[in-house]
Amino acid sequence: MNWLTIATALASENILLLGIVVLLLVEIVVSRPRGATTLALFFVAAAACAAVLLYATGYVAHPFPGEFSTDPESSLAKSVVLALALPVLLLSRDDFGNNVPYHVLLLSSLYGACLLLSADSFLTVFLGLELLSLPVYVLVLMAHGHARTRSLEAALKYLVLGGTATATFLLAVALLYGGSGSLSLSSFTAAMVVPDPMAIAALILLMIAFFIKAAVVPFHAWAPDAYEGASVPVTAFMATIVKAAILLAVLRIVGAAPLSGTLVDAFAILPLASIVWGNLAAMRQTSFRRMIAYSSIAHAGFLYYALLGDGPGRYQAVLFYVVVYGLMNLLAFAGLPRGSDDASRDRLDRLAGLFHRDRFGALMIGIAMLSLAGIPPLPGFIAKFLVFKNVMAAGYTTYAVLGLVGSYLGIYFYLRVIQLMFMSPGEAAAGARQDRGAAVVTSLVCLIPVLLLAVFPGWVIGRV
Amino acid sequence: MADATWLNVMLLLPVAGVALLLALPSLKEDAIRAVALVVTLAQFVIGGALYLRFDAATVGLQFATHIAWIPAWGVQYAIGLDGYNVLLVLLTVFLGPLVVAGAFSAIRKDLKFFYCMVLLLQFAMLGAFVAQDLFLFYLFWETMMIPMFLIIGIWGGERRIYATFKFVLYTAFGSILMLAAIIYLVYMLQSPSGELSFAFADLTRARLPRPVQLTLLSAFALSFAIKMPMVPLHTWLPQAHVEAPTAGSVILAGVLLKMGSYGFMKLGFPLFPDATRQLTPLFMSLAVVSIIYGACLALVQNDIKKIIAYSSISHLGYVMLGLISLDIIGIQGAVIQMVSHGLTAGGLFLMVGMIYERCHTRELAAYGGLARALPIYSVFFMVLTLASIGLPTTSGFTGEFLVLLGTATTGWRQYQDGAVFPLLMSAAAVAGVVLSALYMLRFAKSFLFGPEKLPHAPVMDLVWREKLILGAIVAAVFALGLFPDGPMRKSELAAQEFRALILVPRMPR
């Protein structure tokens, strides 16, 4: 075993680990620690830089052969996830700025995501998946303000369903192992082609596990409660980082393997139901986070749709989608007005007339909503176009048309948020202006890449 | 600078204007108005110069720019002027400053944001006209929706939220199916050659099997027919017009509705010629139904904005009829009719806005005898009314007459071949002319003449700013009515190309 290879190939993971240790030490040594966010930001940024560097140099290594490997694809996926975590951390500065355990949990979850994205065998996938999810159960519990009971319920629901997903996953892996005698991901892609009943059962169970994790209809019911019960930064974390990591992991597992007939239908119908139901249910929500939860259910549908496309196109479509979708959600959360407590901050009708109280915030949420709705020229459209272009190119015209019509259903509720902010009379301006420094920085961090993607999409699309 | 650069400058000026406006403090209202006016005027100057330099004898694109934008998909930033769009671009940049100036007194709330939206709309509309790449076209096409959504929704009347959602949900539904059709089309055409391209020129060169053409044409046509709007997809229009602020109505009637007919002319019909020929009777009937039905509805309205809104449906029916006649005269008439309707309906909406600012009601019955109380206003109003009816020497006459002439020519030719239907349709369309005289004169009669009724009297007649705006429109109406030769020549080659693309069978690839 070469220690140098381990140090380099696991650069991002190591930096995150170092961050966790440093944060724990700070918690132990300093009596009233301050600036935990800054520390965490530093380590996550360093980890992201390391991942980008590995990607740029085209570094390939197998520090733990058959279990863990670093290649440009995984490095790019990691850099995306880690970079998306930066605005999340900026968002949490107001609520959790000095809360060390919060940051330790966040970093652990990111560590899990990195592990997941480099996995070569189901053992590592399992480790990564659990490490990604377990801290989030606790994070949901750490509600800011007075919503303790509700977040308790949310966390419990999330935990129970997450546990179910884990069990399903393990059963799938056991079946797969029984069939092929191997835990490697490549044996899985081989099993996808062979019509062996055991392999098919494993495949279906695995799919269900990942559908639960990504909240695809009919395995979605936990998401609205969990999103609503958690505090805003944690919701943002779940909606962007966790979802991105899960989808990128699915991509890594499925790879470029072709989907056979029945699998295609399974991979199309449930996500389609997700798109339609997510968009329909979102229309009647009165809480911003519940609405975002349903919107994320619909977007999970779009992301799984991308798998219908041909092998090489999948990676591009999912990656682009994840970046755009993540940035848009974060932008929306950054624009949310601050409230006395989380529950009041969350009500949709509190957004009424926001444009007259806080122009910047209203514009940011507006841009985010338009992009999530997939309205050009914002990058949400390019992301959606990329997905449907691949689906159509692979010959699934009917599914593509149905998916597009499903996405039409979403336009109403995204625009309703804009209507509330811009066209409805709101309550009078609330006293003194709040300090919005962190929110403004977060929005800019999200907005600038969004604008660049809108004007120069070709620059990104040509490369990946 | 080369002419192509100027076209780009004209297109991108509003974006620079928005950036400038955002940098200005909201309280400097005069500066905001000035910036918006200067930007749109500069666009008009550039657009006018480009129009004059546009060579009528050259086939195809002029002042073209081609830059690879998303190379992996073969998407280009391709813009240029041709006989199809040159008049509509001129119309757009002509109406721009008038809309901005017309809103000087009407818009008091969130001035800065309003002008940002008007400029963005201007950008998107021009972009949709000059785009020569399907992807780019779709981007601009969809972008138009958002500023309009906000303009109606923020500065509109009482039921603005309902109206604006109806507008958006209608147009977005058409667009989403068009998007599916675009992706399918591009991939269908890619398979033989292996090269992905969204360029109009590449797309029209190819030919698909007829069933595919029919499906795709229906998707495109749905989107265009909603925008245009054609009966029975028109129900969003009256509400949107009534609730929109004046500027919104003017842009909507003046330019946005032309997007639909332009889409048919530039994309829908030429891309799917076989399907178009097969569906000609359908489109012809829908056009005639729009003409008659729109006119009948206009006849019974009591809201003055609704009268003009329904008359728009009727007038755009003529555009469709001219296009689908597939006769050079008819096609050119359709183009002239588009511009003419932009001028007259735009002008009438401006005038309605002016009277609404003074009297705060749109109820037709509340008014009467304006000719005595507001003589200058009444003169302008009468001129635009007559132009809308299509009195000779005005632009309305040129457009409608050419359309009817073209339709009748085709109808007669087909009658000699044994088909009665087209001739019947062209005869029915003539009835629309009579109806339009009926509803517009009913409007003018109770509005301008009879016993004097004027809410909030005494009111002031037009101020110099309003006179200037209306003077410009009336001048353009007469220019197009008296000297239609120049504009017609600029679009002649395009009309021939359009006809050839649909009628001449091409070799399958």
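What radius of gyration does chain B have, and what would a compact globule with 509 residues have? I began there. Chain B has 22 Å, which agrees with the value near 23 Å for a compact globule with 509 residues. I note at the outset that this is a predicted model.

**Entry 1. Confidence**

I looked up the predictor's scores. The complex carries an ipTM of 0.91 and a pTM of 0.93. For chain B, I read an average pLDDT of 90, with 98% of the residues scoring at least 70.

**Entry 2. Chain B overall**

I took the box along the principal axes; the C-alpha atoms of chain B fill roughly 70 × 60 × 40 Å. I found 20 helices and two strands in chain B. Of the 509 residues in chain B, 60% are buried. I also checked the contacts in chain B with a separation of 6 or more, and 81% of them are between residues 24 or more positions apart.

**Entry 3. Chain A overall**

I repeated the lookup on chain A. Its secondary structure comes to 21 helices and two strands. Chain A has 464 residues and a radius of gyration of 21 Å, and a compact globule with that number of residues would be near 23 Å, so the value agrees. The box for the C-alpha atoms of chain A is roughly 65 × 60 × 45 Å along the principal axes. Buried residues are 59% of the 464 in chain A. Of the contacts in chain A between residues at least 6 apart in sequence, 78% join residues at least 24 apart.

**Entry 4. Where the chains touch**

I counted both sides of the contact: 25 residues of chain A meet 24 residues of chain B. On the chain A side, α18 (379-393), α19 (397-423) and α21 (457-461) each supply at least two residues. The largest share is from α19(A), with 13 residues. I sorted the chain A side by residue type and got 19 nonpolar, five polar and one charged.

**Entry 5. Helix α1 of chain B**

I went to α1(B), residues 3-23. This helix has 21 residues and reaches 30 Å from its first C-alpha to its last, close to the 30 Å expected at 1.5 Å a residue. Where does α1(B) bend? I found a bend of about 40° at B:Leu12, and the proline B:Pro14 follows within four residues.

I then listed the buried residues of α1(B): B:Leu7, B:Met10, B:Leu11, B:Leu13, B:Pro14, B:Gly17, B:Val18 and B:Leu21. I noted the general rule that an α-helix has 3.6 residues a turn, so residues three or four places apart point the same way. The elements that cover the buried residues of α1(B) include α2 (29-53), β1 (62-70), β2 (75-81) and α4 (111-130) of chain B.

**Entry 6. B:Ser378**

I placed B:Ser378 in helix α16 (residues 375-389) of chain B. Is B:Ser378 buried or exposed? I count B:Ser378 as buried because it has 21 C-beta neighbours inside 10 Å, and the cut-off is 20 or more. Leaving out residues up to four places away in sequence, B:Ser378 touches B:Leu370, B:Ala371 and B:Leu448. I also took its separation from B:Glu452: the two are 74 residues apart in sequence and 13 Å apart in space, C-alpha to C-alpha.

**Entry 7. Cis peptide bonds and positive phi**

I looked for backbone exceptions, keeping in mind that most residues other than glycine have a negative phi, and most peptide bonds are trans.

In chain A, a cis peptide bond joins A:Pro376 and A:Pro377, with omega about 5°. I located A:Pro377 in the loop between α17 (359-372) and α18 of chain A. In chain B, the bond from B:Met228 to B:Pro229 is cis, and omega is near -15°. B:Pro229 sits in the loop between α9 (210-227) and α10 (236-243) of chain B.

For phi, I noted B:Leu326, which is not a glycine and has a positive value near 55°. B:Leu326 is in the loop between α13 (304-325) and α14 (328-359) of chain B. I record B:Leu326 as buried, because 20 other C-beta atoms lie within 10 Å. B:Thr393 is also not a glycine and has a positive phi of about 80°. I found B:Thr393 in the loop between α16 and α17 (395-416) of chain B. B:Thr393 has 13 C-beta neighbours inside 10 Å, so I put it down as partly exposed.

Note on methods. Residues are numbered from 1 along each chain as its sequence is written. Chains are lettered from A and ligands numbered from 1 in the order in which they are written. This is a predicted model: local features need pLDDT of at least 70, side-chain atom pairs count only at pLDDT 80 or more; totals for chains, interfaces and linings use all residues. The expected span of a helix is 1.5 Å times one less than its number of residues. The bend at a residue is the angle between axes fitted to the seven residues ending there and the seven starting there. A residue is buried if 20 or more other C-beta atoms lie within 10 Å of its own, exposed if 12 or fewer, and partly exposed in between; C-beta atoms are placed from the backbone. Two residues are in contact if their C-beta atoms, placed from the backbone, lie within 7 Å. pLDDT is the predictor's confidence in each residue, from 0 to 100. The radius of gyration is taken over C-alpha atoms; the globule rule is 2.2 Å times the number of residues to the power 0.38. Ala, Val, Leu, Ile, Met, Phe, Trp, Tyr, Cys and Pro count as nonpolar, Asp, Glu, Lys and Arg as charged, and the others, Gly among them, as polar.
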